[in-house]
Amino acid sequence: MSNALFSSYLSQVSEANLKQLKELSIDWALSHGAIIRPPADIALANNSSVIHAPLALFPSPFPKKAFEHGLLLQPLFNLLFHRLSKDEDFIKEIMNESDYLLHLPPGANEPKILQVEYNTIASSFSSLSSLATDMHRYLLKATNYFDSSPIIKEESLPQNEALDRLAKGIAKAHELYGSQNAIVIMIVQPKERNAFDQRWIEYKLFENHNIRMIRKTMAEIGQEGRLDPETKALYIDGKEISVSYFRSAYSPADFPTQKEWDTRLLIERSRSIKCPTVTYQLVGSKKVQQILANPSVLERYITNKSDLQNLRSCFAGLYPLDASPEGEAAVKLALKHPEQYVMKPQREGGGNNVYSTDIPKFISELSLSKRSTYILMDLIQPPLSRNFLLRQGELIEGEMVSELGIFGVCIGTSNDFENDVLVNEIAGHLLRTKTRETNEGGVASGFSVIDSPLLI
Ligand code: ADP
Ligand code: MG
Ligand code: MG
């Protein structure tokens, strides 16, 4: 089955059926917790209202071979990033997510996955993406709209265990910390609208593993946190913390005052297991991704030939924009063929990149030291497929691009050189879909919706 076949199939779904699918999706999402908080202007008081999460009405076609390649890569990336961050003498725990776009340039016939980036902090939507998979399965089974032309088949919708797997990863870290009375903390942003994606992890941790998790902002930890001077155990509001799981502390807005920096240092110095540690957060930067693409850097961390080949196969062209000869050459390339590149700063959360014809003017206005903080990347050209995006009760139809995320759990220590990786697992997937006109991919930043893959 091709994307074209899928698109023509979707164009045959009647208006009446679309309307019913939309209503079924909204109710399923609201009933099953595929929800977010509404924007402030339409919210009820006291956080007492929700809306459905942005979702794709249909699963999007994704090549099975490329999907499986993404799964195969995740344990290799877990290992690579663990080794990268290993110069620290403390136990570390991490949940990673690696994002890929299919690359299908004109004239090529088989798409392959290229890595967009690797996230080592606050990877979100594990819970909502499991729910999106469940919703697509429900629509398939509960309606007969797909019977006449069975392009969407149950066996083509892969299981997505992200919801359970992330909680299981935290539970394992908690167990390794080894204190009966300790609890887990999730460090959150104030006024988080994606709170239910996070709450699902908390409830799974409690229901499946009988472990308590509390939510606190950096400011609250600044008030309530302290270290035991002897043991370096972290206490918040008098309770010992086994795992410090960050869903905050990655954006400048998370550090409004010196107090937040002090708080980050307090957590880092503690013996709680950090997801991630500061070094892990740093090696997840786009600059490190660019350096890894340089010849013979990967070889310092990975020795197996076929692993090396596999990792390299998903690297797009990446270039520095600093004062080095490579950097100056990259600037020339970007000015000559801007339509082939994207410029990325060291930021997270979407909405920060500079694309294509915007690049020359942007570069010309940057000082050299500012320019060095960006990297240049080949623009990936993903195949398009049709879908309907469901956002705040409305359907948006169009040609879409999907980005695949693979979650991984890696728990390790640097105390023991031989047995440094204790857990290295794939932990489910996430498909985010956006209209082709949109450059950026963040769900929270309002650019894309949560989808599930239809393996073809
Ligand atoms: P962030 O950390 O802000 O999520 P990303 O590197 O994921 O940064 O970039 C945000 C979005 O920009 C991606 O989800 C993707 O849609 C788009 N993007 C990033 N790099 C590329 C690329 N090389 N080619 C095409 N699109 C890209
Ligand atoms: Mg990111
Ligand atoms: Mg991203």
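Visitor: Is E348 buried, exposed or partly exposed, and why?
Guide: In this predicted model, E348 counts as partly exposed because 19 other C-beta atoms lie within 10 Å, while a residue is called buried only if 20 or more do.

Visitor: Where does E348 sit along the chain?
Guide: E348 is found in the loop between β14 and β15, the latter being residues 354–355.

Visitor: And which residues does E348 touch?
Guide: Leaving aside residues up to four places away in sequence, E348 touches Y250 and S251.

Visitor: What does UniProt say about E348?
Guide: An unreviewed UniProt entry carries the annotation "binding site", and that annotation covers E348.

Visitor: OK, so how many residues surround ligand 1?
Guide: The shell around ligand 1 holds 21 residues, and the closest of them are E117, E348, M377, I380 and G441.

Visitor: Which elements give two or more residues to that shell?
Guide: They are four strands of the chain, namely β5 (92–103), β6 (112–119), β14 (341–345) and β16 (374–378).

Visitor: What about the classes of residue around ligand 1?
Guide: Sorted by class, the shell around ligand 1 contains 8 charged, 7 nonpolar and 6 polar residues.

Visitor: Changing topic, how many helices and strands are there in the protein chain?
Guide: The protein chain has 14 helices and 21 strands. Its radius of gyration is 22 Å, close to the 23 Å that the globule rule gives for 456 residues, so the chain is as compact as a globular protein of that length.

Visitor: What share of the residues is buried?
Guide: Of the 456 residues in the protein chain, 41% count as buried.

Note on methods. Residues are numbered from 1 along each chain as its sequence is written. Chains are lettered from A and ligands numbered from 1 in the order in which they are written. This is a predicted model: local features need pLDDT of at least 70, side-chain atom pairs count only at pLDDT 80 or more; totals for chains, interfaces and linings use all residues. A residue is near a molecule or strand if its C-beta atom, placed from the backbone, lies within 6 Å of it. Ala, Val, Leu, Ile, Met, Phe, Trp, Tyr, Cys and Pro count as nonpolar, Asp, Glu, Lys and Arg as charged, and the others, Gly among them, as polar. UniProt positions are given in the numbering used here, feature names are shortened, and annotations may be inferred rather than shown by experiment. A residue is buried if 20 or more other C-beta atoms lie within 10 Å of its own, exposed if 12 or fewer, and partly exposed in between; C-beta atoms are placed from the backbone. Two residues are in contact if their C-beta atoms, placed from the backbone, lie within 7 Å. The radius of gyration is taken over C-alpha atoms; the globule rule is 2.2 Å times the number of residues to the power 0.38.
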